[in-house]
Amino acid sequence: MVTGASRGMGKGIALALAEQGATIYVTGRTVCEGDHALPGTVSETARLINERGGKGIAVPVDHNNDEAVADLFSQIDREQGRLDLLVNNAIAIPKELTQSGAFWHKPITNWEMIDVGLRSNFVASWHAAQRMTEQKSGLIVSISGYVGVTYTYNVIFGTCKSATDRMARDMAIELLPYQVASVSLWQGFTYTERAQSNLESVPGMASQLNSFAGSSVEFPGRVIAAMLLDDDLMSLSGASLISAELAKRYGISDIDGKTVPSLRSERGSPIWGPVKQEPAAAGTQGENR
């Protein structure tokens, strides 16, 4: 299951997974072309999944609606009987995100990034964990980035992503005994439809990015697909992982054949490493302090 897959990174991840023949539930709020300023619908993503060799199942979902999310997981139970992967990608992006100005000059409604972007991750993971712990396998990936440790765009965006990293780690601690992995995946600049539009319309953005190589929307999906096939997946659980570094581990390039560089030295290093495998003390599950 990939959330927020009408367009952008969610769509790219789903298409990369489709090449492995996966059955993929894709969620999104855009049902009809024209409903959103940017192109893409959840049904179009499902169609492209089918063309890539997978099985795409489009489910229109507002991830701010807990009942709709619960219904989605019930549908997966009925139709598949198991869930092997959850990718938490959905996030509400207010139009003010890339606009200049301090947090007190922007609407309080920008908090929606926490509601759909952090809380929504927890809700989907809550449902996924119930199923994955029963089957004693599974992977939960939450999309994050260097913004987790480096100021990017605004206060709420950084708060959302740093909390995403910590939540993925603490979930990993509690999931460890059940052989279910939880990680946050750090993407650098990604050429989504929104990003390409911003490059044209946001003053100074293009010049700021000249020194930072970007990647296609499918690149993180290639990395996630390799993680799923990694027999040593649990050794990564709990970590904030830089997708470019994982790609090097797995021998993966971007869709154009180029190597995506890690920006660890330029933009910062993850705080959280993998949780330990040994038994825990003081009520934790092997937290790496």
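**Exercise 1. Find the volume of the largest cavity and describe its lining.**

Solution. The largest cavity has a volume of about 80 Å³. The model is predicted: local features need pLDDT of at least 70, side-chain atom pairs count only at pLDDT 80 or more, and totals for chains, interfaces and linings use all residues. Residues are numbered from 1 along each chain as its sequence is written, and side-chain values use heavy atoms, with hydrogens and water left out.

Step 1 fixes the terms. On a 1 Å grid over the protein atoms alone, a cavity is a set of points where a 1.4 Å probe fits but cannot get out; a pocket is an open set with protein on both sides within 12 Å along at least five of seven lines; and lining residues have an atom within 4 Å of a point. Grid points are joined across faces, edges and corners, and a volume is the space filled by probe spheres set on the points.

Step 2 gives the count, which by this rule is one cavity of 30 Å³ or more. For the largest cavity there are 15 lining residues, and Gln-187, Gly-188, Ser-243, Val-260 and Pro-261 are the closest to its centre.

Step 3 assigns the lining to elements. Strand E5 (181–187) and helix H9 (243–250) are the elements that give two or more residues to the lining of the largest cavity. Helices (H or I, at least four residues) and strands (E, at least two) are DSSP runs, numbered from the N terminus.

Step 4 sorts the lining of the largest cavity into ten nonpolar, five polar and no charged residues. Here Ala, Val, Leu, Ile, Met, Phe, Trp, Tyr, Cys and Pro count as nonpolar, Asp, Glu, Lys and Arg as charged, and the others, Gly among them, as polar.

**Exercise 2. Place Val-260 and Ala-247 and list what each touches.**

Solution. Step 1: Val-260 sits in the loop between H9 and helix H10 (264–267). Val-260 is buried, because its relative accessible area is 13%; buried means under 20%, exposed over 50%, and partly exposed in between (1.4 Å probe, protein chains only).

Step 2: leaving out residues up to four places away in sequence, Val-260 touches Ser-215, Phe-219, Ala-244 and Asp-254, where contact means heavy atoms within 4.5 Å. From Val-260 to Ser-216 the C-alpha distance is 9.6 Å, with their positions 44 residues apart in sequence.

Step 3: Ala-247 belongs to helix H9 and is buried at 3% relative accessible area. With residues up to four places away in sequence again excluded, Ala-247 touches Phe-219, Val-223 and Ile-252. Ala-247 and Pro-220 are 27 residues apart along the chain, and their C-alpha atoms are separated by 8.7 Å.

**Exercise 3. State the strand order of the open sheet and say which helices lie across its strands.**

Solution. Step 1: the open sheet has four strands in the order E3-E4-E5-E6, with parallel pairing. Two strands pair if DSSP finds at least two bridges between them.

Step 2: strand E3 (85–88) and strand E6 (240–242) are the edge strands, each pairing on one side only. Direction ignored, neighbouring strands of this sheet are turned by 30 degrees against each other on average. Axes are lines fitted to C-alpha atoms, for helices over the stretch in contact, and angles run from 0 to 180 degrees between N-to-C directions.

Step 3: E5 and E6 pair in the parallel sense over three bridges, and Leu-185 stands opposite Leu-241 in E6.

Step 4: helix H4 (residues 112–135) lies across E3 and strand E4 (139–145), at about 175 degrees to E3. Helix H8 (residues 219–228) lies across E3, E4, E5 and E6, at about 155 degrees to E5.

**Exercise 4. Describe the lining of the second largest pocket.**

Solution. Step 1: the second largest pocket holds about 410 Å³ of space. Its lining has 17 residues, with Ala-22, Thr-23, Asp-84, Leu-85 and Leu-228 the closest to its centre.

Step 2: strand E1 (23–28) and H8 each supply at least two residues of this lining. E1 gives the largest share, three residues.

Step 3: the lining of this pocket divides into eleven nonpolar, four polar and two charged residues.

**Exercise 5. Locate Lys-136 and Gln-179 and give the phi of each.**

Solution. Step 1: most residues other than glycine have a negative phi.

Step 2: Lys-136, in the loop between H4 and E4, has a positive phi near 60 degrees. Lys-136 counts as partly exposed at 47% relative accessibility.

Step 3: Gln-179, in the loop between helix H5 (155–175) and E5, has a positive phi of about 60 degrees. Gln-179 counts as partly exposed at 42% relative accessibility.
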